Amino acid sequence: MRQVVFSITIFMFLFNPHLFSQEQEETLKPPQKYGRDKIGGAGGFTPSWLFLNVDPINEVLGKNNAGTLSKGGIPLYGGGGYAYLMFLTNLRIGGMGSGGSMKAKSYQRSTNITRNVELSIGYGGVTIDYVVPILQRLDIAFGILLGGGGMDIKMTWDKGFGVEWDTVWDEFGGNTYGDRQIGYSRTLSGSFYIYQPSISMEYAILRWLGVRVGVGYNGMAGGSWKLDDKFDLLGVPEDIHAKGLMLNAGIFLGMFTY
């Protein structure tokens, strides 16, 4: 009798699909889903490093007794913010601006003249990003910035001594513009349309604090040049520009979902 009961029990356990599937449901849990649809927004500090080609500028500087600019790139500092669009999943729109400068200096002993050159770059525009969650707290953002910007080359030289009040007015009222007894100062300014595609990794440290690192390219189109913000500057070589690879970073405060 015991053998019959035991056999019936084994038979019911093996061939009862309801019992077997019920145990599977209890033991097998669905895999954890990383990331959620993004909502909210954030803003923060966005430093970057632009690797631009300064060789064409250095060639001109070297021919005119000036120091040359570093080939290691230029640091840019700025800020930006964004907000997610609720009607388009994981798409956000915002704005960002950034700027920075680098300098070169030379001294000519025979004339006691110090020459300074400062290259400045600045831009700003609208940002559009599509965010893809890949792990909990970790996202990839594919984005582009569209806007405008400029590039200034400021050149000055002086002999390192003070200038008398009357000398300034004698120069202004005289027939010779820019008397080199006092000094020299010129600014070449170029303005351009900016497009900046990028890809970034973003990590939410806390629900209100996040960081970003990425790479992009600073592109420029169109544009015009001015001398001292007054006169049209013609014949500027096309290889004088602020195009180049960029390394981007950021620290943001806001609302981060994960």
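Begin by selecting strands β3 (74-84), β4 (91-108), β5 (113-135), β6 (138-158), β7 (184-206) and β10, each of which supplies at least two residues to the lining of the largest cavity. The model on display is a predicted one.

**The largest cavity**

With these strands shown, turn to the enclosed space itself, whose volume is about 270 Å³. Its lining comprises 26 residues; select Met96, Thr127, Asp129, Ser198 and Arg212, which are the closest to the centre. Colouring the lining by class will show 10 nonpolar, 12 polar and 4 charged residues.

**The second largest cavity**

The model holds 2 cavities of 30 Å³ or more. Proceed to the second largest, which contains about 160 Å³ of space. Of its 16 lining residues, Tyr82, Asp139, Glu202, Ala204 and Phe256 are the closest to the centre and should be selected next.

Then display β3, β7 and β8 (209-227), each of which provides at least two residues of this second lining. Which strand gives the most to the lining of the second largest cavity? The strand is β7, with 3 residues. By class, the lining of the second largest cavity divides into 9 nonpolar, 2 polar and 5 charged residues.

**Val236**

Finally, select Val236, located in the loop that runs between β9 (231-232) and β10 (244-254). Is Val236 buried, partly exposed or exposed? Val236 counts as partly exposed because its relative accessibility is 23%, a value between the 20% and 50% limits of that class. Add Ser224 to the selection: Val236 and Ser224 are separated by 12 residues in sequence, and their C-alpha atoms lie 9.1 Å apart in space.

How values were computed. Residues numbered from 1 in each chain as written. Predicted model: local features only at pLDDT ≥ 70, side-chain atom pairs only at ≥ 80, totals over all residues. Heavy atoms only, no water. Helix = DSSP H or I, 4+ residues; strand = E, 2+ residues; numbered from the N terminus. Buried < 20%, exposed > 50% of the residue type's maximum accessible area, 1.4 Å probe, protein only. 1 Å grid on protein atoms, 1.4 Å probe; cavity = no way out; pocket = protein on both sides within 12 Å on 5 of 7 lines; lining within 4 Å. Points joined across faces, edges and corners; volume = space filled by probe spheres on them. Nonpolar A, V, L, I, M, F, W, Y, C, P; charged D, E, K, R; others polar.
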